[in-house]
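Trainee: I'd like to walk through this one with you, contact by contact. Can we start with the charged side chains and then move on to the rings?

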Amino acid sequence: MMVFAIFRPVTYFLRILSLMIVLYIGSTEVLGAVITVGTLYIFAQYIQSFFEPIETLAEQFSTLQSSLASAEKIFAVMEEEPLVKEDPDPVILPEIKGRIEFDHVWFAYDNENYVLRDVSFVIEPGEKVAFVGATGAGKTSILNLIGRYYDIQKGSITIDGVDIRRLSKKQLREAIGQMQQDVFVFEGDIEYYKPQHDENINHEQVKAAAEYVNASRFIEKLPGGYHEPVMERGATFSAGERQLLSFARTLAHNPSILVMDEATANIDTETELLIQEALEKLMRGRTTIMVAHRLSTIQHADCIMVMHKGKIRERGTHQELLAQNGIYKKLYELQIHHETGEQKPA
């Protein structure tokens, strides 16, 4: 931007200055009958013709500078060393069953301001656990640590008794099925979208997964069925339909651990019941970790953990937490009053 801001105006200034000199000297010569008006006009055109390619070159030069700046940023990203490094001799488990244990975990994104403070819990294989709390309490950070997108500063995280830092990142992340609030839909067709072109997943597995999570109900109504074109970001599908596609994709990979971060936040009324039914089927026999602000979606969890300022303040089932008359009950009452539109008594 600095080069463009200097080079182009300087070129334009020289062009105008040259034209002014030619007109000043030429007009004097015309008045003195040394040259004709036509000759002056010709020289003025010469100045225009001389500077046109220079100005064109200036525009190309600015494009070149912009390209070099972009390339510099791209190569800087490519040369960036990963913060989470693979173990030189990673442990490959025969099967990841889904037992997750946090043992006195401390974590900070900047190594100073701790987001999680002395967090400890155990999730048994097949157990459904939900994390609730205010924004910034550390719920999503726990999900990121389970997938080992960051490394902790203190404590340990184990999967099936093995420290997560010793496990193969590829095996770990293949065992985790992530479902986010905003589902990204790639361009292609429905059959391609769900398994992400995994050659180990055939059409019959795709169809079975779609039927299991109720996605087949709207897929089979489409003109192209499973070969229906999918636009980028799924513009032709509703939010609920995109979520059902996400569930089918996750099921096709058959993960041992399900991670859901507000996966049911953006759904339409028409497919809400289908999504709830699909979730119940998807969670059977799998370790499930949920983060949700809508407490109605996690009441069926085996254990609910209430996060507050990076610590687990309460834990138990829905009824047990209501009986404790603590943070969870206040959150539940606030949400009930908000949904009904009633004013909470002072």
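Mentor: Sure. We call it a salt bridge when a side-chain nitrogen of Lys or Arg is within 4 Å of a carboxyl oxygen of Asp or Glu. Keep in mind that this is a predicted model.

Trainee: With that cut-off, how many salt bridges does the structure hold?

Mentor: The rule asks for a Lys or Arg nitrogen within 4 Å of an Asp or Glu carboxyl oxygen. Applied to this structure, the number of salt bridges is five.

Trainee: Take Arg 148 and Asp 151, then. Which of the two is buried, and which is partly exposed?

Mentor: Their side chains meet in a salt bridge, 2.9 Å from N to O. Buried means under 20% relative accessible area, with partly exposed between that and 50%. Asp 151 has 25%, so it is partly exposed. Arg 148 has 3%, so the buried one is Arg 148.

Trainee: What about Glu 174 and Lys 170: in which helix do they lie?

Mentor: Their closest N and O atoms are 2.7 Å apart, which makes a salt bridge. Glu 174 is partly exposed at 49%, while Lys 170 counts as exposed at 57%. The two sit four residues apart, about one turn, and the helix is α4, residues 169-174.

Trainee: Which residues do shared salt-bridge partners join into one network?

Mentor: Start with Arg 99 and Glu 101, which form a salt bridge with the closest N and O atoms 3.3 Å apart. Arg 99 is partly exposed at 27%, and Glu 101 is partly exposed at 25%. Follow the shared partners and the network consists of Arg 99, Glu 101 and Glu 124.

Trainee: On to the rings. How many aromatic pairs are there?

Mentor: Two rings pair if their centres lie within 6.5 Å. By that rule, the count of aromatic pairs is eight.

Trainee: Is the pair of Phe 50 and Phe 51 stacked or edge-to-face?

Mentor: The centres are 5.2 Å apart and the planes make 85 degrees. Phe 50 is exposed at 52%, whereas Phe 51 is buried at 7%. Planes over 60 degrees apart fall in one class, so this pair is edge-to-face.

Trainee: And how do the rings of Phe 102 and Phe 121 pair?

Mentor: Their centres are 4.5 Å apart, with the planes at 15 degrees. The cut-off is under 30 degrees, so the pair is stacked.

Trainee: Which strands does that pair link?

Mentor: Both Phe 102 and Phe 121 are buried. They are 19 residues apart, and the pair links distant parts of the chain. Phe 102 is in β1, residues 100-107, and Phe 121 is in β2, residues 116-123, so the strands are β1 and β2.

Trainee: Which residues form one aromatic cluster with Phe 102?

Mentor: Phe 121 belongs, and its ring is stacked with that of Phe 102. The cluster also takes in one other ring, so the names you want are Phe 121 and Phe 131.

Trainee: Which Lys lies over the face of Trp 106?

Mentor: For a Lys, NZ has to be within 6 Å of the ring centre. Here the distance is 5.1 Å, and the residue is Lys 154.

Trainee: Last one, for the whole chain: what share of residues count as buried?

Mentor: The chain has 11 helices and 12 strands. Its length is 346 residues, and the share that count as buried is 40%.

Notes: Residues are numbered from 1 along each chain as its sequence is written. This is a predicted model: local features need pLDDT of at least 70, side-chain atom pairs count only at pLDDT 80 or more; totals for chains, interfaces and linings use all residues. Side-chain values use heavy atoms; hydrogens and water are left out. Buried means under 20% relative accessible area, exposed over 50%, partly exposed in between (1.4 Å probe, protein chains only). Rings of Phe, Tyr and Trp (its six-membered ring) pair if their centres lie within 6.5 Å; planes under 30 degrees apart count as stacked, over 60 as edge-to-face and the rest as tilted. A charge sits over a ring if NZ of Lys or CZ of Arg is within 6 Å of the ring centre and within 35 degrees of the ring normal.
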